[in-house]
Amino acid sequence: MRRYPLYFLLALGLLWLALTAAVHGWSLHQPYYNYKMEANAIDRVTGRSLEELETITQDLRKYLWDGEEGRLSPYFSGDEVAHMLDVYGLFHLMREVAALAGLVVLLLGFYGISSLGLRTLARGVGRSSWLILGLLLLLFFIVALDFHRAFFAFHRIFFTNDLWLMDPNTDLMIQMLPENFFSDLALRIALTFALACGLIAALGFLPKGRGSGQEGYQ
């Protein structure tokens, strides 16, 4: 296998694993939910105690992992539950792709180390990640300019219905999780992902091993 595709596939796989870990790490982080419930005074907005809201968000987090609809039906309307079914589908798909990416990274990593050596492989993967990271930085910059518009576009792209358009006067889901919940969540995910990306990209600055040639990403 030619080394450039090998480097690129490994970089892409590692970046996807890092993104999946960042998304799930924060989306399933109960202290973040508790913080936002209190900071946004959701108890006053919904008329429910912080203790009850914590119970609801615990079931919501569990649902994102196992997709058990019975966790949500005691709290949310049929349309809200139907929307969360779509959301669960995205999380489940992300995990499936991550499992495939992990397998690819293991197999190609073993092949690359055995044929090129660890240092040469790591250096090539790090350098291959630079282009991908440049595109991601551009995307993050666009989102940061207008999160509301990006948030709207995300839903239009990934959801085939309008169930995500909820009424803040009647729908508990949007009352509990207003837009600033997601903008702050996105920021935390982006920063965590950026840290992981920085570590991967830093591999590109590893010095060449003794006796390595000049071609490619050695």
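**A tour of two pockets and one buried arginine**

The second largest pocket of this predicted model is where the tour begins, and its volume is about 230 Å³. Select Leu12, Gly13, Leu15, Trp16 and Ala101, which are the closest to the centre of this pocket among the 13 residues that line it. Next, colour helices α1, α5 and α6, since these are the elements that give two or more residues to the lining of the second largest pocket, and look at α1 in particular, which provides the largest share with six residues. Sorted by type, the lining of the second largest pocket holds 12 nonpolar residues, one polar residue and no charged ones.

Now move to the largest pocket, where there is about 1,800 Å³ of space. It is lined by 48 residues, and the ones to select are Phe147, Phe151, Phe154, His155 and Ala186, the closest to its centre. If you then show the helices around the largest pocket, you will find that α1 (3-27), α4 (50-66), α5, α6 (118-145), α7 (147-158), α8 (172-176) and α9 (179-202) each supply at least two residues of its lining. The lining of the largest pocket consists of 42 nonpolar residues, five polar residues and one charged residue.

For the last stop, select Arg95, which you will find in helix α5 (residues 78-116). Is Arg95 buried or exposed? Arg95 is buried, yet it has no salt bridge, and the nearest side chain of opposite charge, that of Asp66, is 7.8 Å away. To see what does touch Arg95, leave aside residues up to four places away in sequence and display His24, Leu64, Trp65 and Tyr88.

How values were computed. Residues are numbered from 1 along each chain as its sequence is written. This is a predicted model: local features need pLDDT of at least 70, side-chain atom pairs count only at pLDDT 80 or more; totals for chains, interfaces and linings use all residues. Side-chain values use heavy atoms; hydrogens and water are left out. Helices (H or I, at least four residues) and strands (E, at least two) are DSSP runs, numbered from the N terminus. Buried means under 20% relative accessible area, exposed over 50%, partly exposed in between (1.4 Å probe, protein chains only). Lys and Arg count as positive and Asp and Glu as negative; His and the chain ends are not counted. A salt bridge is a side-chain nitrogen of Lys or Arg within 4 Å of a carboxyl oxygen of Asp or Glu. Contact means heavy atoms within 4.5 Å. On a 1 Å grid over the protein atoms alone, a cavity is a set of points where a 1.4 Å probe fits but cannot get out, and a pocket is an open set with protein on both sides within 12 Å along at least five of seven lines; lining residues have an atom within 4 Å of a point. Grid points are joined across faces, edges and corners, and a volume is the space filled by probe spheres set on the points. Ala, Val, Leu, Ile, Met, Phe, Trp, Tyr, Cys and Pro count as nonpolar, Asp, Glu, Lys and Arg as charged, and the others, Gly among them, as polar.
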